Amino acid sequence: MEQVEFQGFGGIALAATAFGSPENPPVLLLPSLGQVREFWFGSAKALAEAGRYAICVDLRGHGDSGHSPDGHYELDAYIGDLRAVLASLSSRAVVVSAGLGARVAMLAAGEGAPHLVTGLALVDTNIWVEQAVVDRLGGAMALRTASFDDPSKIVDAISAAYPNEPRPSLTERTMAAYAQGSDGQYAWRGDVRALAAASLPDLEERLSEAAARLAAPVTLIRGSLNETVSAEVTQRLCALIPGSEIAEIEGAGHYAASDREDDFNAILLDFLERKAPRQPLTFIRGSEPRVLRDALGCFGTGVTIVTTINEDGEPIGLTANSFTSVSLDPPLILFSLARSSANLETFEKAGKFAVNVLHIGQQPAAGRFATRGVARFEGIVWSQRDEGGSPLLEGSLASFDCTTHAIHDGGDHLMFVGHVDHATFEPHRDPLLYFRGKFRRLHFA
Ligand SMILES: Cc1cc2nc3c(=O)[nH]c(=O)nc-3n(C[C@H](O)[C@H](O)[C@H](O)COP(=O)(O)O)c2cc1C
């Protein structure tokens with residue numbers, strides 16, 4: 001554990017404690033409004049043990065961080081601080097944050113800097129808040145301006161603000177936000193002006209727009225009994241953030257990260273291992289095939305629909321990106337068909353096939369021809385060069401009409417080599433691409 005200091009927006013000093021080796025990938029842990037960095041120490045230790053460099057930072061005006069001399073505690077000041085901290089790290093970080101910290105992280109990354117972070121774990125995060133909840137949060141904030149003669153009264157006051165949630169335990173981290181004065185009273189450690197951060201209702205639009213623009217993996221973690229962040233709003237937020245996921249901690253209120261620390265850490269570590277793995281993943285013979293598939297997914301390809309005609313003269317087809325050119329003289333191409341394909345026998349018997357290279361407008365077709373149990377050819381305009389010929393999809397970027405030249409064993413696939421009898425192509429459209437498990441399009445910088 002090491003004390004570090006960052007320069008925030010406008011040069012304000014931000015106090016931080018770091019755990020683990022700085023050589024490891026960084027994870028920045030940002031507290032919620034009114035909380036101090038000690039809140040995250042337990043998780044930070046677990047992260048360090050799991051090979052991460054975990055840095056807990058105090059927000060401006062909180063804990064040991066500097067106070068803004070002219071009272072700059074508006075949201076943009078917090079955002080500026082976070083951006084400054086992230087920019088000073090040697091590599092891009094995952095940010096773990098709750099409440100205000102989470103909103104600051106969403107805005108810092110979502111407003112024009114989507115690649116600022118490699119992932120976000122947002123705890124107890126809501127961007128649409130009912131007035132009743134705002135009032136209750138106000139009540140919780142009043143805790144910070146009161147002083148207490150006994151630490152247990154702090155927990156009483158927190159518990160009164162969240163009457164239907166499990167009573168939080170009196171831990172060092174709860175107490176870390178308070179200091180005992182010479183009068184023996186415990187008072188919140190910070191600049192009370194910092195507690196007046198921008199109110200949620202004014203931010204809904206800004207937060208929704210930022211959330212929709214997040215590009216890094218996001219997990220939304222909530223205690224199942226959290227009163228101020230319901231399951232519904234979490235689902236709504238999840239629907240807004242592309243590719244995000246929800247993890248719920250059963251039986252926990254909004255102090256899940258501290259009171260159910262083991263459950264919380266397990267969720268966090270699982271998210272990091274899946275979405276921000278420490279080292280490039282390695283495939284060795286005998287490993288999970290999925291890892292090899294992910295490695296192969298680093299090779300960007302075009303997308304085709306391979307077609308043929310069955311014995312009843314009906315069109316058959318499936319999406320395939322295993323298309324490869326083989327030879328110019330003789331003109332040969334190939335694609336690989338999974339032995340598990342429902343159409344394996346048809347392709348083997350037909351003695352012919354066509355490969356239709358797709359353009360970006362054909363992405364819906366690419367999705368449909370990779371799905372079982374749907375009428376794949378419905379709404380698709382196609383033709384044949386002659387009766388019984390393979391279906392050529394209208395508008396394709398290119399279509400290669402082939403006679404089957406050879407079928408080779410290819411493990412769990414069969415390699416169909418085709419002799420190209422006829423090829424047409426359309427030079428003006430952009431190709432549909434496939435890379436790392438997603439459809440993509442060309443982007444010229
Ligand atoms: C982008 C993409 C590429 C694919 N490439 C192949 C491929 O090369 N060979 C293959 O057998 N399946 C491939 N598939 C999977 C098939 O399209 C999918 O399993 C389909 O349901 C098979 O249908 P079938 O069993 O009716 O033949 C691909 C799927 C997608 C989305």
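Q: Why does Leu296 count as exposed?
A: This is a predicted model, and in it Leu296 has 56% relative accessibility. The cut-off for exposed is over 50%, so Leu296 gets the label. Leu296 lies in helix α11, residues 289–296.

Q: What makes Phe283, Leu292 and Leu296 a nonpolar patch on the surface?
A: Nonpolar side chains with over 30% relative accessible area are joined into a patch if they lie within 5 Å. Phe283, Leu292 and Leu296 form such a patch, and together they have about 250 Å² of accessible area. For Leu296, the value of 56% is over the 30% that a patch member needs, so the area test is passed.

Q: Why is Lys275 called partly exposed?
A: Its relative accessible area is 35%. Buried would need under 20% and exposed over 50%, so Lys275 falls in between. You'll find Lys275 in helix α10, residues 261–275.

Q: What makes Lys275 fit into a positive surface patch?
A: Lys275 shares the patch with Arg436, Lys438 and Arg440. Lys and Arg count as positive, and a patch member needs over 30% relative accessible area. Lys275 has 35%, so it clears that bar.

Q: How do you know that Arg206 and Asp76 form a salt bridge?
A: Their side chains meet at 2.7 Å, N to O. The limit is 4 Å between a side-chain nitrogen of Lys or Arg and a carboxyl oxygen of Asp or Glu, so the pair qualifies. Arg206 lies in helix α7 (residues 204–212) and Asp76 in helix α2 (residues 75–88), so the bridge ties together parts that are 130 residues apart in sequence. As for exposure, Arg206 is at 26% and Asp76 at 41%; both values sit between 20% and 50%, so both residues are partly exposed.

Q: What makes Glu273 and Arg278 a salt bridge?
A: Their closest N and O atoms are 3.3 Å apart, and that is within 4 Å, so the pair counts. Glu273 is partly exposed at 34%, and Arg278 is partly exposed at 38%.

Q: Why does the pair Arg339 and Asp409 tie together parts that are apart in sequence?
A: Arg339 lies in the loop between β16 (332–338) and α12 (344–350), while Asp409 is in strand β20 (residues 398–410), so the two parts are 70 residues apart in sequence. The salt bridge itself has its closest N and O atoms 2.5 Å apart.

Q: Arg339 and Asp409: which counts as exposed and which as partly exposed?
A: Asp409 is at 54%, over the 50% cut-off, so it counts as exposed. Arg339 is at 40%, so it counts as partly exposed.

Q: Which residues do salt bridges with shared partners join into one network?
A: The network is made of Arg37, Glu38, Asp58, Asp64 and Arg189. A search of the whole structure finds 19 salt bridges.

Q: Why are β12 and β23 called edge strands?
A: The open sheet has 3 strands in the order β12-β22-β23, with antiparallel pairing. Strands β12 (301–302) and β23 (438–441) each pair on one side only.

Q: How do you know that β22 and β23 pair?
A: Strand β22 (residues 432–435) and β23 have 4 bridges between them, in the antiparallel sense. Pairing needs at least two bridges, so the test is met. Looking at one bridge, the partner of Phe435 in β23 is Lys438.

Definitions and conventions
Residues are numbered from 1 along each chain as its sequence is written. This is a predicted model: local features need pLDDT of at least 70, side-chain atom pairs count only at pLDDT 80 or more; totals for chains, interfaces and linings use all residues. Side-chain values use heavy atoms; hydrogens and water are left out. Patches are made of residues with over 30% relative accessible area and no salt bridge: like charges are joined within 9 Å, nonpolar side chains (Val, Leu, Ile, Met, Phe, Trp, Tyr) within 5 Å. Accessible areas come from the Shrake-Rupley method with a 1.4 Å probe; for residues, only the protein chains shown count as cover. The place of a charge is taken as NZ of Lys, CZ of Arg, CG of Asp or CD of Glu. Buried means under 20% relative accessible area, exposed over 50%, partly exposed in between (1.4 Å probe, protein chains only).
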